[in-house]
Structures are given as structure tokens and as C-alpha cells.
Amino acid sequence: MGRNRAKGSGADDSEQRVSKEAVAGISLVLETIVNGMVDKPLETHFSYSVGNKTVVCSISTGEGDAGHLIGRQGRNADSIRQVMRCVAKKYGIDCVIEID
């Protein structure tokens, strides 16, 4: 049997919300990774926007540190995004990383 639900079946609103625990877990992992990669961690700022089963994480860095996060041909950024997708998957949500 599949998990097919009829439209209007009264799906639980809690399925659509991102928990505070999920945001805290994602932020802890992301901030640990990023602060270890940049030269000026005190100038690095994080902001989080919560949507429908998605957390958007924006990272603002000090001058010159964005290059450390992006890496050659975006390899570091891709790696950070992959790790964060795995962390978000633990909570059943999606995670989007933006580097400013």
C-alpha cells in the first residue's frame, strides 16, 4: 500500500512546520563548519528564514572570507551544502545555503 492521501484529507499542520529544534541543530552544525573555515569568524553573520519544510541559511562574511567558503570552482560551497542537506534530512526538512 502506498502513502496516497486524498486532497483535503485533513493533513496535520505540524507536518508543514519546521521545529525550533531543527533550526537549532542546523545552525549549530553550519556555524561550526563556517567559523572553522574563515579567517575572521567574529565578522561572520548568520541569518535563518523558515519556510514550508525549508530553512534558508544566509551567511555574510568579512572581506575576503567569502572566497574561503566558496573555494575553487565552488567546491567548498558545494560540500557545505551537501553536509547541510544531510543534517536537514535528519529533521525531515530541506536546507538552502546562501553565501553573501
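A residue is called buried when its relative accessible area is under 20% and exposed when that area is over 50%. The legends below use these words for a predicted model.

**View 1. Helix α1 and the elements around its buried residues.** Helix α1 covers residues 20-37, and its buried residues are Ala22, Val23, Gly25, Ile26, Ser27, Leu30 and Val34. These buried residues of α1 pack against two helices, α2 and α3 (75-90), and against the strands β1 (45-50), β2 (54-60) and β3 (94-99). At 1.5 Å a residue, the 18 residues of α1 should span 26 Å, and because the C-alpha atoms at its ends are 26 Å apart, the expected and computed values agree.

**View 2. Helix α3, with its buried side and its other side.** The buried residues of α3 are Ala77, Ile80, Met84, Val87 and Ala88. They lie on the same side of α3, because they cover an arc of only 95° around the axis. On the other side of this helix, Arg75, Lys89 and Lys90 are exposed. The packing partners of the buried residues of α3 are α1, α2 and β3. For the 16 residues of α3, a rise of 1.5 Å a residue gives an expected span of 22 Å, and the end C-alpha atoms are 23 Å apart, which agrees. Gly92, which has a positive phi near 75°, follows the helix.

**View 3. Asp65 in helix α2, a buried residue without a salt bridge.** Asp65 belongs to helix α2, which is made of residues 65-70. Although Asp65 is buried, it has no salt bridge, and the nearest side chain of opposite charge, that of Lys40, is 5.7 Å away. A salt bridge would need a side-chain nitrogen of Lys or Arg within 4 Å of a carboxyl oxygen of Asp or Glu. The side chain of Asp65 does, however, reach the backbone nitrogen of Lys40 at 3.1 Å. When neighbours within four places in sequence are left aside, Asp65 is in contact with Val38, Asp39 and Lys40.

**View 4. Ser58 in strand β2 and its polar contact with Glu98.** Ser58 is found in strand β2, and it counts as buried because its relative accessibility is 14%. Its side chain makes a polar contact with the side chain of Glu98, at 3.1 Å. If neighbours within four places in sequence are again left aside, the residues in contact with Ser58 are His45, Phe46, Ser47, Glu98 and Asp100.

Technical notes. Residues are numbered from 1 along each chain as its sequence is written. This is a predicted model: local features need pLDDT of at least 70, side-chain atom pairs count only at pLDDT 80 or more; totals for chains, interfaces and linings use all residues. Side-chain values use heavy atoms; hydrogens and water are left out. Helices (H or I, at least four residues) and strands (E, at least two) are DSSP runs, numbered from the N terminus. Buried means under 20% relative accessible area, exposed over 50%, partly exposed in between (1.4 Å probe, protein chains only). Lys and Arg count as positive and Asp and Glu as negative; His and the chain ends are not counted. A polar contact is a pair of N or O atoms within 3.5 Å; within protein, one must be able to donate a hydrogen and the other to accept it, and residues adjacent in sequence count only if both atoms are side-chain atoms. Contact means heavy atoms within 4.5 Å. The expected span of a helix is 1.5 Å times one less than its number of residues. The arc is that of the directions from the helix axis to the C-beta atoms.
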